[in-house]
Amino acid sequence: MSTPIQMPMANRAPEPLLEFRDVMKIYGAGEGEVRALAGVSFEIRPGEFVAMMGPSGSGKSTTMNMLGCLDTPTRGAYLFRGVDVGALSRKQRARLRRFHLGFVFQGFNLLARTNALENVELPLIYRGTPRAERRERSFQALETVGLSKWWDHTPAELSGGQQQRVAIARAMITEPSVLLADEPTGNLDSARSEEVMELLCRLNRERHLTIAMVTHEPDLAAYASRTIHFRDGLVHSDSNHHAHSPAGRTAAESAPVEAGRDA
Ligand SMILES: Nc1ncnc2c1ncn2[C@@H]1O[C@H](COP(=O)(O)OP(=O)(O)OP(=O)(O)O)[C@@H](O)[C@H]1O
Ligand SMILES: [Mg+2]
């Protein structure tokens, strides 16, 4: 009875998961007023991997903060699965954040004196998941990001790329519908950046995780299948492209590239 009516058309595009409708964001007032977003509209569908690019100050982080329910539009609307997030209470927004969204930041944001496993299980502690289940799921999440052997290492005992993979495991532990990543490789060299991007691609491909990621690097945006370019608080362009992810390559194309990469 609660199931919505299913349309029998096989090739119908799925409903948008995230939608901005003419979103405006103004910080401050009077002389100090900053128009961070000047009327932004886009839709992101389930399973998309979207890169957000644009010059410094063009509104990328403002957009991500809003997608992450950390901020609200001054005008316009943000819809999550068709629900107007602006009409939700603080508590409902917090629930939306906790149950549906995963975050990855440039600075990893791991607890320094806490080992990888404990960092990963943190969101489950907030959820009240029993300890045994927490441990098992956290260990599995570390396995997914290729770090199960490193479970008892603290962030200082891990490379930048490994730290970011722990942060991704932590973001994934709650099985979010969307991963929001603001310059996730901003603190990494290019080899570590590729490691992280390949992991994101795999999560997108294998788990149909929807990803919105800010990057300044065209090489990294190429891992996504769509790029939204911001300029002066507006969408300057929005285009789908062939993802240059390992998945997008043929085996013949990817083999020599992979072989030479770690040399
Ligand atoms: N909390 C805030 N208070 C006032 N102004 C803000 C605030 N957050 C962002 N801004 C302003 O809004 C504009 C857009 O900022 P935003 O952080 O979205 O840019 P960005 O595209 O992420 O840039 P970068 O590439 O440097 O991270 C900038 O002019 C910024 O100074
Ligand atoms: Mg930013």
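Which element supplies the largest share of the shell around ligand 1? The answer is α1, with 3 residues, and this tour works outward from that ligand.

**Before selecting anything**

The model is predicted, and for that reason local features are restricted to pLDDT of at least 70 and side-chain atom pairs to pLDDT 80 or more, while totals for chains, interfaces and linings use all residues. Residues are numbered from 1 along each chain as its sequence is written, and chains are lettered from A and ligands numbered from 1 in the order in which they are written.

Colour the protein chain by secondary structure, and you should find 8 helices and 10 strands; helices (H or I, at least four residues) and strands (E, at least two) are DSSP runs numbered from the N terminus. Of the 263 residues in the protein chain, 37% are buried, where buried stands for 20 or more other C-beta atoms within 10 Å of the residue's own, exposed for 12 or fewer, and partly exposed for anything in between, with C-beta atoms placed from the backbone.

**Stop 1: ligand 1**

Select ligand 1 and the residues around it, which are Tyr27, Gly28, Val34, Ala36, Gly54, Ser56, Gly57, Ser58, Gly59, Lys60, Ser61 and Thr62; a residue belongs here if its C-beta atom, placed from the backbone, lies within 6 Å of the molecule. The shell divides into 3 nonpolar, 8 polar and 1 charged residues, under a scheme in which Ala, Val, Leu, Ile, Met, Phe, Trp, Tyr, Cys and Pro are nonpolar, Asp, Glu, Lys and Arg are charged, and the others, Gly among them, are polar. Both β2 (34-44) and α1 (60-67) supply at least two residues of this shell.

Now centre on Tyr27, which has its place in strand β1. With 13 C-beta neighbours inside 10 Å, Tyr27 counts as partly exposed. Apart from neighbours within four places in sequence, Tyr27 is in contact with Val34 and Ala36, a contact being two C-beta atoms, placed from the backbone, within 7 Å. A distance drawn from the C-alpha atom of Tyr27 to that of Thr74, 47 residues apart along the chain, should read 8.6 Å.

**Stop 2: the sheet of 4 strands**

Next, show the open sheet with the order β2-β1-β4-β5 and antiparallel pairing; two strands pair if DSSP finds at least two bridges between them. Strands β2 and β5 (83-84) stand at the edges with a single partner strand each, so one side of each is left without a neighbour in the sheet. Within the sheet, β1 (residues 18-27) pairs with β4 (residues 75-80) over 5 bridges, and Arg21 has Ala77 as its bridge partner in β4. Helix α1 lies across β1, β2 and β4, at about 60° to β2; axes are lines fitted to C-alpha atoms, for helices over the stretch in contact, and angles run from 0 to 180 degrees between N-to-C directions.

Two loop residues deserve a look here. Most residues other than glycine have a negative phi. Cys69, in the loop between α1 and β4, has a positive phi near 60° and is buried, with 22 other C-beta atoms within 10 Å. Arg81, in the loop between β4 and β5, has a positive phi near 45° but is partly exposed, with 14 other C-beta atoms within 10 Å.

**Stop 3: the sheet of 6 strands**

Move on to the open sheet with the order β6-β7-β8-β3-β9-β10 and mixed pairing. Its edge strands are β6 (101-105) and β10 (234-240), each pairing on one side only. Select β7 (residues 178-182) and β8 (residues 210-214), which run parallel and are joined by 5 bridges; the partner of Leu180 in β8 is Ala212. Helix α1 packs on this sheet too, touching β3 (49-53), β7, β8 and β9 (226-231), and its direction makes about 150° with that of β8.

At the other end of the strand order, β9 and β10 form a hairpin with 2 residues between them, and Asp232 in the turn has a positive phi of about 50°.

**Last stop: the nonpolar core**

Finally, select Val50, Met52, Ala169, Leu200, Ile211, Ala212 and Met213, which touch the most other members of the largest nonpolar core, a set of 63 residues. Such a core consists of buried Ala, Val, Leu, Ile, Met, Phe, Trp, Tyr and Cys residues joined through C-beta atoms within 7 Å.
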